[in-house]
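Please look at the sequence and the 3D structure shown here, and then read the short report beneath them.

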Amino acid sequence: MTKAEIVAEISKQTGIEREKALNVLESFMLIVKDQTSGGEDVFLRGFGTFTTKTRAAKVGRIIKENKSVVVPAHKIPYFKPCAEYKQMF
């Protein structure tokens with residue numbers, strides 16, 4: 001499902017205009033990005049948690065050049081679904 005399809009579905013289910021639904025969805029995504037990049041978690045009860053994880057430093061390989069390189073520790077975005085959501089699968 002694409003963002004446009006989500007906006008269309010929100011518009012259909014709520015009766016609000018597509019532009020307003022798009023603005024709400026864009027604002028939601030921006031808030032989640034800002035909060036998680038700032039180190040804060042975003043909890044949505046009944047859905048899940050948007051958070052960050054820290055990946056440890058590791059040794060990687062550049063196969064074409066037959067070299068080893070160190071990939072430094074870094075953070076990645078992560079979504080952890082709630083228990084009810086997991087049970088749907």
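The report below turns to aromatic rings, then to a helix and a surface patch.

This is a predicted model, and a search of the whole structure finds five aromatic pairs. One of them joins Phe47 and Tyr85, whose rings are stacked, with 5.5 Å from centre to centre and 20° between the planes. Because Phe47 lies in the loop between β1 (42–44) and β2 (48–55), while Tyr85 lies in helix α3 (residues 83–87), this pair ties together parts that are 38 residues apart in sequence. Both Phe47 and Tyr85 also belong to one aromatic cluster, in which Phe28, Phe50, Phe79 and Phe89 take part as well. Elsewhere, a charged residue meets a ring: Lys53 lies over the face of Tyr78, at 3.9 Å from the ring centre.

Helix α1 (residues 3–14) has twelve residues, and the 16 Å from its first C-alpha to its last is close to the 16 Å expected at 1.5 Å a residue. Just after α1 comes Gly15, which takes a positive phi of about 85°. Ile10, which has its place in helix α1, helps to make a nonpolar surface patch of about 350 Å² together with Met1, Ile6 and Ile16.

The table gives the relative accessibility of three residues named above.

| Residue | Relative accessible area | Class |
|---|---|---|
| Phe47 | 36% | partly exposed |
| Tyr85 | 27% | partly exposed |
| Ile10 | 31% | partly exposed |

Phe47 counts as partly exposed because its 36% falls between the limits of 20% for buried and 50% for exposed.

Methods:
Residues numbered from 1 in each chain as written. Predicted model: local features only at pLDDT ≥ 70, side-chain atom pairs only at ≥ 80, totals over all residues. Heavy atoms only, no water. Phe/Tyr/Trp six-rings, centres within 6.5 Å; stacked < 30°, edge-to-face > 60°. Helix = DSSP H or I, 4+ residues; strand = E, 2+ residues; numbered from the N terminus. Buried < 20%, exposed > 50% of the residue type's maximum accessible area, 1.4 Å probe, protein only. Lys NZ or Arg CZ within 6 Å of the ring centre and 35° of its normal. Expected span 1.5 Å × (residues − 1). Patch = residues over 30% accessible without salt bridge, like charges linked within 9 Å, V, L, I, M, F, W, Y side chains within 5 Å. Areas by Shrake-Rupley, 256 points an atom, 1.4 Å probe, with all protein chains shown as cover. Salt bridge = Lys/Arg side-chain N within 4 Å of Asp/Glu carboxyl O.
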